Amino acid sequence: MQDSVKCVLEFYRELGFESLPLNYSNIKGSNKLRVASNELKDEKEPEDPSPVTRYSLPDKEDALRALREDIGDCRRCKLSKGRTHLVFGEGDANARIMFIGEAPGREEDVQGRPFVGDAGRLLTKLIEKMGLKRTDVYIANIIKCRPPMNRDPLDDEMATCFPFLDRQIEAIAPQIIVSLGKISTYTLLGIKGPLSSFSISRTRGKFHEYKGIPVMPTFHPAYLLRNPKDKWLTWDDAQAVLKKLSNNYK
Ligand code: SF4
């Protein structure tokens, strides 16, 4: 028993985590999420009203299909010129958690899928540590085409592309959004002031809101690849997300 606990602890330490995950039953089918951490069980948090689910599952899928058709072979901004594939987003149309990153990178541009490079593999690991599969959640970006040399998206590009993501969020109506990194968080939270003075370190770890949907900002997986010591902070944020979801089912 002692040996197996030690193995688990070492496994999580290798991943850069400093605390163990919650024991979390299947989020899709379950009416109740089991939280194994006594420490978390004891804390009381006021329940947030769940966002109104505007669509049934077939309607959600229809809404996403209609959105994809509307986007088409989009040439609405200059990023269309350099892209290989437009990266629409993927996952469960009925997902309770939506992960939103910044923009496709090289690998995503080649494959036409979000978060499939090294950063994507780390995100997948995080999702799995949360007790979920990638197919249980929905993954998208603020921008749907790769900026050249992975530069930050420009204001005009974000302003042109963001309404598509807004419709995607409305169609899926997730219970929680996890915004990955500075640009995604800055955009979703509608932060006033220059991006350069916005700090994800100071914003992460607390719930904010986008149109009534709780938003948990956390570090972008690409940042975590460069700064693995901060993985445990992201894991704390993931635990807060699981806890809020479990409160929604009480
Ligand atoms: S980034 Fe968005 S707005 Fe620009 S071309 Fe791609 S899909 Fe269209």
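This is a short chat about a predicted model of one chain and the ligand it holds.

Biologist: Hi! How many helices and strands does the chain have?
Modeller: There are 10 helices and six strands in this predicted model.

Biologist: And what share of the 250 residues is buried?
Modeller: Buried residues account for 38% of them.

Biologist: Okay, on to the ligand. Which residues come nearest to the ligand?
Modeller: Cys74, Cys77, Ser80, Cys145 and Cys161 do, out of 13 residues around the ligand.

Biologist: Which helix gives the most to that shell?
Modeller: Helix 6, which covers residues 155–172, gives the most, with three residues.

Biologist: How do the shell residues divide into nonpolar, polar and charged?
Modeller: Eight are nonpolar, two are polar and three are charged.

Biologist: Back to helix 6. How do the axes of helix 3 and helix 6 cross?
Modeller: Helix 3 spans residues 57–71, and its axis comes within 8 Å of the axis of helix 6, crossing at roughly 165°. Angles over 145 degrees count as roughly antiparallel, so helix 3 is roughly antiparallel to helix 6.

Biologist: Is the crossing right-handed or left-handed?
Modeller: Helix 3 passes helix 6 in a right-handed crossing.

Biologist: Which residues meet there?
Modeller: From helix 3 you have Lys60, Ala63, Leu64, Leu67 and Ile71, and they meet Phe164, Arg167, Gln168, Ala171 and Ile172 in helix 6. By class, this contact has seven nonpolar residues, one polar and two charged.

Biologist: Last one: among contacts between residues at least 6 apart in sequence, what share joins residues at least 24 apart?
Modeller: That share is 73% in this chain.

Methods. Residues are numbered from 1 along each chain as its sequence is written. This is a predicted model: local features need pLDDT of at least 70, side-chain atom pairs count only at pLDDT 80 or more; totals for chains, interfaces and linings use all residues. A residue is near a molecule or strand if its C-beta atom, placed from the backbone, lies within 6 Å of it. Helices (H or I, at least four residues) and strands (E, at least two) are DSSP runs, numbered from the N terminus. Ala, Val, Leu, Ile, Met, Phe, Trp, Tyr, Cys and Pro count as nonpolar, Asp, Glu, Lys and Arg as charged, and the others, Gly among them, as polar. A residue is buried if 20 or more other C-beta atoms lie within 10 Å of its own, exposed if 12 or fewer, and partly exposed in between; C-beta atoms are placed from the backbone. Two residues are in contact if their C-beta atoms, placed from the backbone, lie within 7 Å. Axes are lines fitted to C-alpha atoms, for helices over the stretch in contact, and angles run from 0 to 180 degrees between N-to-C directions. Angles under 35 degrees count as roughly parallel, over 145 as roughly antiparallel, 65 to 115 as roughly perpendicular and the rest as oblique. A crossing is left-handed if the near helix is turned anticlockwise from the far one by less than a right angle, and right-handed if clockwise.
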